Amino acid sequence: MANVLVVAELLEGKARKTTLCGVTAAKTIAEGTGGSFDILAIGEGAGAAAEELTGFGAGKVLKADIAGGYVCEKYAATVAAVGEGYDVVVACASAYGKDLLPRVAAKLSAGVASDISAVHVDGGNLSYTRPMYAGNVSGTVEILTPKQVVTVRQSEFDAAAESGGSSPIEDAAVTADPVADKVEFVGVEVVKSERPELTEADIVVSGGRALKSAENFTNVIEPLVDALGAAMGASRAACDAGYVSPELQVGQTGKVVAPKLYLAIGISGAIQHLAGMKGSKTIVAINKDKEAPIAQVADYFLVADLFDAIPALTEEVKKL
Amino acid sequence: MKILVPIKRVADPDNASKLKVSGDGGAVTSEGLEWKMNPFDDWSLEAALRLTENAAEKNARVGEVILVSIGPNDEHTQRIIREGLAKGAERGILVEAEDNTLDSNIVAQVLKAIVDKESPDLVVLGKQAADGDSNVAGTQLAEHLGWPIVNYAMQLTTADDGKTLQVQRELDTGVATVKVTGPAVVTTSDRILQPESVKNGVTPADHQYAKLEVGGRYASLKGIMQAKKKPIDTTSLGDLGVEPAAALKYTKFELPPARSGETTFVESVEDLVEKLHNAAKVI
C-alpha cells in the first residue's frame, strides 16, 4: 500500500494545471496499491489554491502559506517534513518540480525517478518508465529507497478531472531551513499570453531558424497561430537567436509537448528538438529541404518556402 | 574564484537515435557512437571559464576551474577531461567508476566528497546528462552541502570574487532573478552561451563574447598543447569514502516504438489543409 503526496504548483496564487497531472499519477499509484493520496498546496496564496483542489478525490488538501517568491530552499524543508508521512512524493516534471523535488528527496534520503512517462504497479511493487537519451530509449526503473520521489511528464499524464466530493483542508506546519537565508528572491517576470499554454494546447505551431527574425515570427507565424487557436513554440536555434523568448522552446532542453497537431515550420529537426515533440499525434513539416531530419517524424510534409506557404495556409485555415 | 565543473562523457547525443538495447533489454549499447562531453556540461564549463578570466586581456586566467569526471578510467574519459583542460580549465580529477553502477544519488555523494576536499566557491554543472536526462544530481549535491542552488541560469553576475551572485534563471512561465550568497551550486540553460550572459567584475561589463551556436568555446592549438601538461588526478569511490549505494535500479531498456505510417508529401497548401481537415481531422 502506497500513500502518495502530490506537491501542487502555484502561479500567482492559483494551482497550475501541472498539479493535476501529478494528481493523475498519484491516483494510479494509490489505486494500484490500495493506498490513498493527499495534495499539498505550498506558496503564497496556498489557502485559495487549496480551495481549488478539494474536488479531485484527495484524502485531504494541506496548505502551507509561504510569503514571497518561490525558491526551492524556502519550500523543500516543509515539503520534506510533510512528505515524511507518505511513501511516494509526486509532482509534475515542470521547471518547478525538477527544481524542488530533488532537494526534497535528498532530505528524505529518497531516490528520484524523474520525468516519468508511465507508472506500473505489479503485486504492490512500483516501477516507472522514463524517457532517456532525448527520448531514444525508455528505461523501466525501480526506486530502492524506503521513500520514493517521482516527477511526471506533463504530456504523458492527462490532467485529472474533478471527481466530486470535497476533501477537507488542513494546515501544514511550515519548517524553516537555514539555507533559505542564502537566497534572496529579487523578482520574476511572468510572460503573459492570451494564447493557450504550450504544454496544454491541442495545436502547436513552432518556428525555427529559417524564420530569420523576430519580426517574421510576428508577421508570418503569429497570424497562423491565432487562426488555429494554437500555442506558439520554437526551436532552440530560434530562441537562442532571440526571435522569441526562451520559454517557448520545444525540445530536450525546453518543453515537451504532445498536441493533436504539431506544425514544424522552418525547423530542420535536430534530435534535441524531436525529443520535445515526437509524441504529437499528427506532425506537419513545412520546409524547403525535403531531406531535413524532421521528415523522420512528419506525417505530412509540404516542401515549400515558408514565406509563401504560411500566409497562404493562414488564409486557407480562416476559410474553414 | 575557484570553480568545480563536473563533466560526464556520454554517447554522442546527436546520434542517439542509433542507440540499441541488448537482446534481453538489460543494457543500452552505444557501439559505433563516439563518446562526447555531455553538452549541458560543456555550457557550464563555458560559464565557469568566463567567470575565471579577463576576456579583455586575451582571456587571461584570474581564477581556477577544476574538472571532475566520474567514469571508467579509459581513453574516452581521459580525452573528455583533456578537452576541458584545452579549453582553459586548470586541472582535472577522474573518479574511477563503472557507468552502470552510477545513479544521481551516488554522483551527488561523490561530488560532495570532492567539494569537501577542494572547497570551491561554486560548482557549475549541466542541469542534466544527455544520456540519463535525470536533472537531479546538482540539486541533491546542493542539499548535501547545505548550499543554495540556482537551476537553469541564463545570466550570471558575480561580485566579491564569486562570494555573491545575481542570477536570472529560466522558468516555464518566464524568468526569475535571485541573489545568492555563496558558496553555491549553479546549473545552466542554453542561454548562458549568449555574448553577454556572464559578468565576473573583471572582464569589462560591456564585453561581448563571440556568438556560440551550439556549445562552448573551441580549444586553441596552444590550449591543446598546454593541456597535455596539466595534471589529472585519479581517485575512486573508496578513496573518497563514498558507499556505492544506488537509489535506483533499471530493470529494462527498450527502444520506443517508431512512429507509424509513412510521410505523405503534399503538393500544395490547399492539399495540406484538405488532408488535415478531412483525413487527419485535426483542424
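## Exercises on a predicted two-chain model

Strand β10 (residues 137-143) of chain A and β17(B) are paired in the antiparallel sense, with 6 bridges between them. The model is a predicted one, and the exercises below start from this pairing.

### Exercise 1: a sheet shared by two chains

Determine in which order the strands of the open sheet that contains β17(B) are arranged, and which strands lie at its edges.

Solution. Begin with a residue pair in the pairing of β10(A) with β17(B): V141(A) stands opposite Y250(B), which belongs to β17(B). Next, follow the pairing through the sheet, which is open and consists of 4 strands in the order β8(A)-β9(A)-β10(A)-β17(B), with antiparallel pairing. The edges are then β8 (118-122) of chain A and β17 of chain B, since each of these pairs on one side only. As for the geometry, neighbouring strands of this sheet are turned against each other by 30 degrees on average, when direction is ignored. Finally, helix α1 (residues 18-33) of chain A packs on the sheet, where it touches β8 and β9 (125-132) of chain A, and its direction makes about 5 degrees with that of β8(A).

### Exercise 2: the hairpin in chain A

Work out how β8(A) and β9(A) are joined, and which residue of their hairpin takes a positive phi.

Solution. The two strands β8(A) and β9(A) run antiparallel and are joined by 5 bridges. One residue pair can be named here, for the bridge partner of A118(A) in β9(A) is T129(A). The hairpin of β8(A) and β9(A) has 2 residues between the strands, and in this hairpin G123(A) takes a positive phi near 55 degrees.

### Exercise 3: the side of chain B that touches chain A

Describe the contact between the chains from the side of chain B, by residues, by elements and by class.

Solution. First take the residue counts: 67 residues of chain B are in contact with 74 residues of chain A. The elements of chain B that give two or more residues to this side are α3 (104-118), α4 (137-145), β11 (149-159), β13 (174-181), β17 (248-254), β18 (264-266) and α7 (269-279). The largest share, 8 residues, comes from β13(B). By class, the side of chain B that touches chain A comprises 32 nonpolar, 20 polar and 15 charged residues. A further strand pairing links the chains, in which strand β18 (residues 300-303) of chain A runs parallel to β18(B) and is joined to it by 3 bridges. Within that pairing, V266(B) of β18(B) is the bridge partner of L302(A).

### Exercise 4: two packed helices of chain B

Decide whether α3(B) and α4(B) are parallel or oblique to each other, and list the residues through which they touch.

Solution. The helices α3(B) and α4(B) pack with their axes 8 Å apart and at an angle of about 50 degrees. Since an angle between 35 and 65 degrees counts as oblique, α3(B) and α4(B) are therefore oblique to each other. The crossing of α3(B) and α4(B) is right-handed. On the side of α3(B), the contact is made by S104(B), N105(B), V107(B), A108(B), L111(B), K112(B) and V115(B), while α4(B) contributes A137(B), Q140(B), L141(B), H144(B) and L145(B). By class, this contact of α3(B) with α4(B) has 7 nonpolar, 4 polar and 1 charged residues.

### Exercise 5: backbone features and burial

Find where E12(A) and D161(B) lie, and whether each is buried, partly exposed or exposed.

Solution. Phi of E12(A) is near 50 degrees, which is a positive value in a residue other than glycine, and E12(A) lies in the loop between β2 (10-11) and β3 (14-15) of chain A. A residue with 12 or fewer other C-beta atoms within 10 Å counts as exposed, so E12(A), with 12 such atoms, is exposed. Phi of D161(B) is likewise positive and near 50 degrees, and D161(B) is placed in the loop between β11 and β12 (164-170) of chain B. With 17 other C-beta atoms within 10 Å, D161(B) is partly exposed.

For contrast, consider helix α4 (residues 95-107) of chain A: 13 of its 13 residues are buried, so this helix is largely enclosed by the rest of the structure. Just after α4(A), S109(A) takes a positive phi of about 50 degrees.

Conventions:
Residues numbered from 1 in each chain as written. Chains lettered and ligands numbered in written order. Predicted model: local features only at pLDDT ≥ 70, side-chain atom pairs only at ≥ 80, totals over all residues. Contact = placed C-beta atoms within 7 Å. Nonpolar A, V, L, I, M, F, W, Y, C, P; charged D, E, K, R; others polar. Pairing = 2+ DSSP bridges. Axes fitted to C-alpha atoms, helices over the stretch in contact; angles between N-to-C directions. Parallel < 35°, antiparallel > 145°, perpendicular 65-115°, else oblique. Left-handed = near helix turned anticlockwise from the far one by under 90°. Buried ≥ 20, exposed ≤ 12 C-beta atoms within 10 Å, placed from the backbone.
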